[in-house]
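Got your viewer open? Load the model and get ready to click through it stop by stop.

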Amino acid sequence: MTATPLIQATALTRRFDQRLAVDGLSLTLAAGRVLALLGPNGAGKTTTMRMLAGLLAPSSGTATVCGFALGQRDQDNDAIRARCGVVPEAPGFYERLTARQNLRFFAGLQGLATAEIDRRVTTELQRFALGERADDRVATYSKGMKQRLSLARALLHQPQLLFLDEPTAGLDPKATAELHQLIRELRSAGKGIVLSTHSLEEAEALADEVLVIDTRMRFLGRAEDLQPQQGHEVRIGFVGDWPGSAAWPTDCTLIEVGSGSARFAIADPGADMPRLIAALVAAGVPLLSVEPVRRGLRERYLELLAR
Amino acid sequence: MTRTLSALRWMLWREFLDQRQNRMLWPIYILMPLIGAALPALIALGSAAILSGDAPVKPEMQSMVNAVRMLAAASGIDLEIAAATILLRASAGYFLLMPLTIVSIAGAYAIVGEKQQRTLEPVLATPLATGDFLLAKLMAVAVPAVLMTWIAAVLGAVASVAAFYWSHDILVWPDQFYWIAVLVLGPEIGAMTALVCLRVSARMQDPQAANQITAIILVPLLLIVFSLVGPALITRIDLLLGACVVGLVLVWALFLWVRRGFNREEILCRWR
């Protein structure tokens with residue numbers, strides 16, 4: 001028996017007056033999975049997240065989120081919001097209040113019992129290493145601290161599903177790595193996670209599934225399926241001059257030659273690389289390095305958007 | 001119901017903490033009540049000529065003179081005490097303007113604060129119902145203004161009793177006209193202002209400008225209404241009570257109007 005997916009959306013569409021923001025989105029997300037939303041600015045990523053989190057009603061289409069029908073009744077939307085945690089693009093805190101006061105307020109709005117609130121607030125503040133600064137005003141926090149506080153807020157009510165809207169934007173590499181680790185932990189704990197990002201590498205590193213969107217769905221599938229199935233590249237480092245003319249093995253195509261480096265497209269790395277190296281040596285190319293290039297994620301992404 | 005009360009409690013707690021730390025609001029919360037507390041006493045001290053009957057009666061004062069005579073005749077009290085009573089009733093007009101002014105200014109900060117701090121999205125991402133959000137915003141803006149008005153009105157009443165006694169040797173207490181205006185009509189005006197403020201804000205890109213527009217709309221409107229019916233409101237209790245009922249109906253109708261047009265999407269998409 002398969003567990004009910006956390007998200008099951010069919011043909012979700014959202015218009016703002018005459019402007020179409022999201023067109024015909026269909027997707028499914030199970031517990032313990034991470035879905036990355038990729039797309040250019042204005043592609044509808046935030047609108048998609050807001051619809052699925054019960055913040056915006058779809059103009060058409062249907063969706064079930066955490067077992068409740070989206071946009072049908074206020075009670076269902078309230079139930080969805082009670083089961084979702086949202087980390088918006090801008091953290092959004094009451095700057096004159098302390099971190100603890102902010103979290104207490106949001107925990108109260110989530111409907112946590114008074115006795116539970118202090119315990120949950122303290123737990124989350126400690127989890128995100130904010131315990132020592134808990135009673136400082138949020139106005140004194142750095143961007144990274146506010147982002148961590150935003151995550152703490154999203155987890156206060158222990159939601160089943162998390163929406164993270166560009167959570168690593170503006171974070172330093174250490175904070176980004178910590179956040180990635182946290183996302184992996186949450187996934188292991190069975191949370192469903194929808195992650196909006198501009199970073200292909202982040203999507204590749206974290207996501208089980210990827211949705212490329214530019215108003216319309218351009219790709220939805222496993223992250224590894226986003227990789228091009230065909231086409232590999234090899235970067236050749238050399239000293240001296242590149243031979244003016246030489247015969248290269250079949251399936252090895254010279255793409256470009258620059259100062260001290262050249263790029264070849266090859267069909268099958270296992271078979272073609274040794275033949276290419278032999279041909280380069282035979283042509284008298286003074287080799288410095290031969291490096292396979294993992295081509296294509298970016299190109300594939302741009303290709304999907306250009307369709 | 002429990003959920004609504006809980007949401008209101010947390011929203012009001014947060015607003016209280018936030019407003020307490022907002023020094024931009026202190027002058028309006030201190031200055032207007034101070035003026036309000038002093039006003040009835042200043043009227044008492046400055047009305048010696050009127051109370052003694054020595055002042056020439058200008059045409060625009062005729063209705064008030066008539067009211068004094070009517071009150072004295074109907075209640076069998078001295079003209080001097082009747083004049084003092086009518087003056088106190090009239091001074092309650094300030095306590096109707098006070099919630100309007102405080103709400104339109106404090107409301108601007110309440111909404112602009114949310115906008116500037118980008119706090120609306122996380123608040124609306126909670127299960128807080130739109131009606132509860134609206135009610136909490138309304139109360140957060142109107143309750144402090146009403147409380148300050150009431151405190152000022154009580155202090156003003158005490159000061160005026162002392163001032164009349166000290167300056168004219170008469171003991172005059174603000175009567176039911178004063179208290180009904182302060183305790184019922186004032187909060188209604190505060191609530192109406194807050195609701196219009198919220199509705200206009202939701203329709204505009206700049207909530208601060210929206211609040212200024214609210215004040216520009218409401219202040220002249222209320223001044224016109226009170227200049228037309230004000231004299232009747234300080235002499236006829238049935239009209240005053242009728243005004244309270246009309247005020248209550250208007251508050252309810254405004255709340256429904258605002259509730260109907262004030263949805264999460266509008267807040268999310270326009271208040272950015």
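Before the first stop, one bit of vocabulary: a helix axis here is a line fitted to the C-alpha atoms over the stretch in contact, and the angle between two axes runs from 0 to 180 degrees between their N-to-C directions. Keep in mind, too, that this is a predicted model.

**Stop 1: two crossing helices in chain A**

Select helix 3 of chain A, residues 99-109, and add helix 4 of chain A, residues 114-127. Their axes come within 10 Å and cross at roughly 130 degrees. Angles between 115 and 145 degrees count as oblique, so helix 3 of chain A and helix 4 of chain A are oblique to each other. The handedness of this crossing is right-handed.

Now show the side chains where the two meet. From helix 3 of chain A, pick Ala99(A), Arg100(A), Leu103(A), Arg104(A), Ala107(A) and Gly108(A). From helix 4 of chain A, pick Ile117(A), Arg120(A), Val121(A), Glu124(A) and Leu125(A). Colour them by class and you get six nonpolar, one polar and four charged residues.

**Stop 2: where chain A touches chain B**

Stay with helix 3 of chain A for a moment, but bring chain B into view. How many residues does each chain put into the contact? Chain A supplies 27 residues and chain B supplies 25. On chain A's side, the elements giving two or more residues are helix 2 (74-83) and helix 3 (99-109). Helix 3 of chain A has the largest share, with five residues. By class, chain A's side splits into 15 nonpolar, five polar and seven charged residues.

**Stop 3: the buried side of helix 2**

Next, select helix 2 of chain A. Which of its residues are buried? They are Asn77(A), Ile80(A), Arg81(A) and Arg83(A). Look down the axis: these residues cover an arc of only 165 degrees, which puts them on the same side of helix 2 of chain A. To see what they pack against, switch on strand 4 (60-65), strand 5 (68-69), strand 6 (84-87) and strand 7 (161-165) of chain A.

**Stop 4: Asp272(A)**

Jump along chain A to helix 9, residues 269-282, and click on Asp272(A). Is Asp272(A) buried or exposed? A residue counts as buried once 20 or more other C-beta atoms lie within 10 Å of its own; Asp272(A) has 21, so Asp272(A) is buried. Leaving out neighbours within four places in sequence, show its contacts: Pro249(A), Asp251(A), Cys252(A), Ile266(A) and Ala267(A). For a sense of scale, draw a distance from Asp272(A) to Tyr141(A): the two are 131 residues apart in sequence and 54 Å apart in space, C-alpha to C-alpha.

**Stop 5: over to chain B**

Hide chain A and look at chain B as a whole. What is it built from? Chain B has eleven helices and zero strands. Of its 272 residues, 44% count as buried. Among chain B contacts between residues at least 6 apart in sequence, 85% join residues at least 24 apart.

**Stop 6: Ala82(B)**

Finish in helix 5 of chain B, residues 79-117, where you'll find Ala82(B). This residue counts as buried, with 22 C-beta neighbours inside 10 Å. Not counting residues up to four places away in sequence, Ala82(B) touches Val68(B), Leu71(B), Ala72(B) and Ile77(B). Add Met70(B) too: Met70(B) and Ala82(B) are twelve residues apart in sequence and 8.7 Å apart in space, C-alpha to C-alpha.

Note on methods
Residues are numbered from 1 along each chain as its sequence is written. Chains are lettered from A and ligands numbered from 1 in the order in which they are written. This is a predicted model: local features need pLDDT of at least 70, side-chain atom pairs count only at pLDDT 80 or more; totals for chains, interfaces and linings use all residues. Two residues are in contact if their C-beta atoms, placed from the backbone, lie within 7 Å. Helices (H or I, at least four residues) and strands (E, at least two) are DSSP runs, numbered from the N terminus. Ala, Val, Leu, Ile, Met, Phe, Trp, Tyr, Cys and Pro count as nonpolar, Asp, Glu, Lys and Arg as charged, and the others, Gly among them, as polar. Angles under 35 degrees count as roughly parallel, over 145 as roughly antiparallel, 65 to 115 as roughly perpendicular and the rest as oblique. A crossing is left-handed if the near helix is turned anticlockwise from the far one by less than a right angle, and right-handed if clockwise. A residue is buried if 20 or more other C-beta atoms lie within 10 Å of its own, exposed if 12 or fewer, and partly exposed in between; C-beta atoms are placed from the backbone. The arc is that of the directions from the helix axis to the C-beta atoms.
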